[in-house]
Number of protein chains: 6
Amino acid sequence: MLLHLSTWQEVEAYLEHSQGIILPIGSTEQHGPTGLIGTDAICAEAVSGGVGDAVKAMVAPTISVGMALHHTAFPGTISLRPSTMIQVVGDYITCLVKAGFRKFYFINGHGGNVATLKAAFSETYIYLEDLQISDASLVQCHVANWFMCGSVYKLAHDLYGKEEGSHATPSEVALTQYIYPEVIKTAPLSPEVNKEGKIYGATDFRRRYPDGRMGSNPGLATPEHGKQFYDLAVKELSAGYLEFLNGT
Amino acid sequence: MLLHLSTWQEVEAYLEHSQGIILPIGSTEQHGPTGLIGTDAICAEAVSGGVGDAVKAMVAPTISVGMALHHTAFPGTISLRPSTMIQVVGDYITCLVKAGFRKFYFINGHGGNVATLKAAFSETYIYLEDLQISDASLVQCHVANWFMCGSVYKLAHDLYGKEEGSHATPSEVALTQYIYPEVIKTAPLSPEVNKEGKIYGATDFRRRYPDGRMGSNPGLATPEHGKQFYDLAVKELSAGYLEFLNGT
Amino acid sequence: MLLHLSTWQEVEAYLEHSQGIILPIGSTEQHGPTGLIGTDAICAEAVSGGVGDAVKAMVAPTISVGMALHHTAFPGTISLRPSTMIQVVGDYITCLVKAGFRKFYFINGHGGNVATLKAAFSETYIYLEDLQISDASLVQCHVANWFMCGSVYKLAHDLYGKEEGSHATPSEVALTQYIYPEVIKTAPLSPEVNKEGKIYGATDFRRRYPDGRMGSNPGLATPEHGKQFYDLAVKELSAGYLEFLNGT
Amino acid sequence: MLLHLSTWQEVEAYLEHSQGIILPIGSTEQHGPTGLIGTDAICAEAVSGGVGDAVKAMVAPTISVGMALHHTAFPGTISLRPSTMIQVVGDYITCLVKAGFRKFYFINGHGGNVATLKAAFSETYIYLEDLQISDASLVQCHVANWFMCGSVYKLAHDLYGKEEGSHATPSEVALTQYIYPEVIKTAPLSPEVNKEGKIYGATDFRRRYPDGRMGSNPGLATPEHGKQFYDLAVKELSAGYLEFLNGT
Amino acid sequence: MLLHLSTWQEVEAYLEHSQGIILPIGSTEQHGPTGLIGTDAICAEAVSGGVGDAVKAMVAPTISVGMALHHTAFPGTISLRPSTMIQVVGDYITCLVKAGFRKFYFINGHGGNVATLKAAFSETYIYLEDLQISDASLVQCHVANWFMCGSVYKLAHDLYGKEEGSHATPSEVALTQYIYPEVIKTAPLSPEVNKEGKIYGATDFRRRYPDGRMGSNPGLATPEHGKQFYDLAVKELSAGYLEFLNGT
Amino acid sequence: MLLHLSTWQEVEAYLEHSQGIILPIGSTEQHGPTGLIGTDAICAEAVSGGVGDAVKAMVAPTISVGMALHHTAFPGTISLRPSTMIQVVGDYITCLVKAGFRKFYFINGHGGNVATLKAAFSETYIYLEDLQISDASLVQCHVANWFMCGSVYKLAHDLYGKEEGSHATPSEVALTQYIYPEVIKTAPLSPEVNKEGKIYGATDFRRRYPDGRMGSNPGLATPEHGKQFYDLAVKELSAGYLEFLNGT
């Protein structure tokens, strides 16, 4: 059930039986020579849609720009500063809490979002308590990274071994190929990529990882792999959502 | 050319011949008993896509949550506070300016965004000059409301007369019906709606406009009308984009 | 009734019969070779004083510095950033709401203030609701531009035609001449002024409008015209205030 | 020379021979049963005008609302929060520094402004250095309280002794009577006022000082005293301004 | 009783008989060729510990970085911007108020903190009232500068006369020598130091006071003097704390 | 080498051969019935001091209040909001970068700080690049949690098994007992503690973990264990610092 394709009365009806919502969050950032700039948002949105269908949960519009400042030396990257993202996430949650939602399940497609998301949750909990909203203490936020699902991680390892790398990975590229088979990109990939995972500022990042990849060989990706990743992520996160929803 | 379906090298290549970009911006807010909560984002995104195709312009990911605080007494609405939105828009533009973009054409689907967008432009111009980015003084931002296009306005008047109203209008509902014919909603519409256009706070808004509509009869909308609106908006805004791009 | 010439007990007494207040807001910005830097504040203050007398309303101290960032490449201009102005307007309204005021009628002398003022109203409404002030939902803010009054607009057109222009206009200069007949400025006005109304950043503005005027011939202004404008604006805005005060 | 009654070319000419400017700052706050709410702004503006005339200095528009949160339990008081005022003062100074001003002499009418003003100066100095404005390190700000002038203080002591008190004092009331002889207020003053100068929050302030006065007997004020205070303050601050302007 | 060496249950027990707390605040800034960078924090912490013991009061962890922007042209200085410090102080007080504390006695070691601290108190009082915390109006904050104690001031004058100066003073250096006798520093001190107390921006400060001292001769300091200063400050501030705690 | 016990000339000399600095960061939060409120700051400070001695590195003053909002329902906890902490960390780093430091090694004692610290690093990198500080792209920040050292983790497991838990752990309590043997606390510990690691808001945290512990049995701690933890952490983090300092 997609929030943006619902009416407000349908949301009102939904709230009578559930206070949970799924929020896809991605990023708009370079993903190497063959990865789509929207990779993280595309993956988060697709997986969220699948989970929403599986568990009959409401799915909010995708937050497609996240915290990707370290990628901003590559053209096409758009990033919020962490302080902006904290406000954005706070505004989203506050509106939805006022409407009656209490359980916020963020399905995330970008590792760089996690720290700021968690900071935003902390800032928002206290803000809501200060607003003296009834039941503010029942508000719970959770971030679930589709690419960290045990089953996804295992498949990536089985398929790609060390060539999975940590940015512009074949697994995420495969997933976008499954979703958008008509926009599969090809480009020569110089095999040598600095594999160390260090990330500091934007200029340093581009110096360190000249074509944007971090230790990955996205040339291994196929749409068929993408379907496998999709199915595994949807299955595992559907269970995760229900556990979160029904947990204390 | 959609930014999220491009690679960073494709953006780099694009910047060699153009410094313009289209940014769709909508809202996630109630649109009456039969309007989709995502109406404004859906319309802005669709029209932007059409314009981008027509004029070979880069189109950024849609900003799907805007300034809709006055709708937040209806469940499902999500809004940024103006101060948040100013930061968001500033972060978007700053990243893109650093990459080389100079002309920002916002295609907007929500009247409530206009004031804050304009404030954000002013805040961003001075910020960029203070950053001492070369050519900061060439940065130009423009907001174009698809629903205010002369041709769109005329058609809405011809088709609906006064029943166009000012929120949850048949014209915007028609456009969403054209884009998502599979999710056309129906609901009884009590004919009497307070037609005064006054907007203050959220609680007051719901008191004043109990079902969310402002003077409109969205029951008049059809997908065929939607196609007409789409074609007119794309045509008129394509010309508008080119004039903006090539203007001083 | 001027707030700054009242005692707090007089305000307390006023609040027993009215919850309305007029807030003049102007700007401190270049107005071409013959216009006063304080033009917009001077006009807003004078008209507000006239309206306050006519309708027995409380008038707050003038906000004399507004959003004029695009004029800051000319010496003497002082501007708030939009984010600052949103806080300022919020602080004003919050203090007055706590005291019992509910209806805020801003009489504005500067087009550049409008977007940020409207953003500030939205930000303030939700802030007040979050503060859980009783009757917060009754707070209403309105911006009335004296120079947009129908009667004023018509007179300007009759007197100056296209030479009214859009910045450093003969109508606003005339009004300042009526208020300060002892400081009428003269200077040679090169007749050619780029008449396009485009406004982006500060450096661009000065490049585009080298002497500060936008399409106007302020040399046509006379103090007698100024009196006419004053009388029309006071009359029309007095009616507007009462309608706002007594409206739902 | 009043900035708001000047043209931008006059400011440009002024800057050729001076980089100094006087900024009057007051407050809009209760001043007991007989004091004007605008007392602090009125006094600062009048004294600044006198000093500007005496030393041929540019005088900016009065900042009429300052930091008066502790008075906000009395109706009619308007206050900025300190964080807002820091932004406001920073915006004023930054605009003027970009235009060429370097020496900022604030003539202040309200003790409660001093701490926040000083904080704002510190915040602004580092901001200007970070902007890499040439000569940013020459920017100097000074706050001069007219009511703390040695000569003023002595006269107040001679005329009123302990009945000068510390808020709604006869000296400031006298000065407003001199400036606005037509709005002299009278009201019964209960003689007993808690004379301790402790100031905490707004509710506490009103509980502690029920009619708004702090240890003062403003009934002693006369317009003739006001003229004496005015002359002393203008003389002493004129010397102070020149020393500041010409100092290292 | 040191907060950081207590358990939460001990704090809970303490709150049953007292709502007062001492908060040491210093600075991390250059103190001339022989003064420790931590001087202000060290002194505030030591004196606070002494007062806490004497009056059985809870002592919070030391705020060791304060407002020292004007010292930042000397390496080793760390400063908060005033706007940051206002938030920090607000966060501290808000947490402690929610726990039950009402009386906040800041023992301060740095003159440069005073303005921002007072601004922070004002900002925090209104914030707490807006949070609608019960008894928010009983919250009181006070800043006590150990170096301004009458007895301390007199001793410094007796021992050092004019060579006390106003920064990197022998009195504060003596106190650190008493606390840390093992880290007494020596360095040649050029006798001539510009004695004027003017403070503007950081670059200007270093230009004006090349070795960091302001009119002081810290070579006069001895650990024995330090003990005298310590004893006097503890005695005077212990009395001050009790008066504050028991006062209305 | 402790910054607060150094002079600015000593810092200047240090910078000639090293651009690295260690920043201890802890928290001021409840640590169960027998844990000190200052546990995290005490541990971070002690370990940092040991590392600084071992590798001859400068050690900044301890940030003793961090992000502990989820503990604020227990009296004695003091926390910064994440948005405040981002500003604080940014101010620290910016001052030190201007002085010449480039490598920032945070030794952290509190898991709850990590997300906000990382967000702060991202915010600061871009801020420094925008300031156009030379070599801004060489600034690197790293957070090292002493309690996550492999050797520490192994010892805790060997000594306590599952009774290590995740808050108010015997390992951190042991370390504080080693540092402050004179303030070892005892209290009855009810054996049953909800061992799930879920953390949401403050009220929820206290409901979930009534005495503040999370799955831990701090009664197992001894000062002798503490010495072992100290030695292991110092050894491992000394190596870590040098690798960071000398790495690219």
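Before I turn to the interface, let me say what I will mean by a polar contact, namely a pair of N or O atoms within 3.5 Å, where, within protein, one of the two must be able to donate a hydrogen and the other to accept it. With that in mind, and remembering throughout that this is a predicted model, the rule finds 16 residue pairs in polar contact across the interface of chain B and chain A, counting pairs in which both residues are at pLDDT 80 or more.

On the side of chain B that touches chain A, the elements that give two or more residues are helix H1 (8-15) and helix H3 (82-99) of chain B, and H3(B) gives the most, with 9 residues. If we sort that side of chain B by class, we have 23 nonpolar, 19 polar and 7 charged residues.

As for the extent of this contact, chain B and chain A each bring 49 residues to it, and the area buried between them is about 4,000 Å², with carbon and sulfur atoms giving 63% of that area. The rule also finds 6 salt bridges across this interface, and one that you can look up in the structure joins B:Arg206 to A:Glu12, where the closest N and O atoms are 3.7 Å apart.

Let me now move to the other two chains I want to discuss. Chain D is superposed on chain C by a rotation of 180° with 0.0 Å of shift along the axis, at an RMSD of 0.0 Å, and the two copies are therefore related as by a two-fold rotation axis. Among the residues of chain D, D:Thr84 comes closest to that axis, with its C-alpha at 3.4 Å. Finally, 100% of the interface residues of chain D are also interface residues in chain C, so these copies meet through the same surface.

Definitions and conventions: Residues numbered from 1 in each chain as written. Chains lettered and ligands numbered in written order. Predicted model: local features only at pLDDT ≥ 70, side-chain atom pairs only at ≥ 80, totals over all residues. Heavy atoms only, no water. Contact = heavy atoms within 4.5 Å. Buried area = accessible area lost by both parts, 1.4 Å probe. Salt bridge = Lys/Arg side-chain N within 4 Å of Asp/Glu carboxyl O. Polar contact = N/O pair within 3.5 Å; in protein donor to acceptor, adjacent residues only side chain to side chain. Helix = DSSP H or I, 4+ residues; strand = E, 2+ residues; numbered from the N terminus. Nonpolar A, V, L, I, M, F, W, Y, C, P; charged D, E, K, R; others polar. Least-squares fit on C-alpha atoms with pLDDT ≥ 70 in both.
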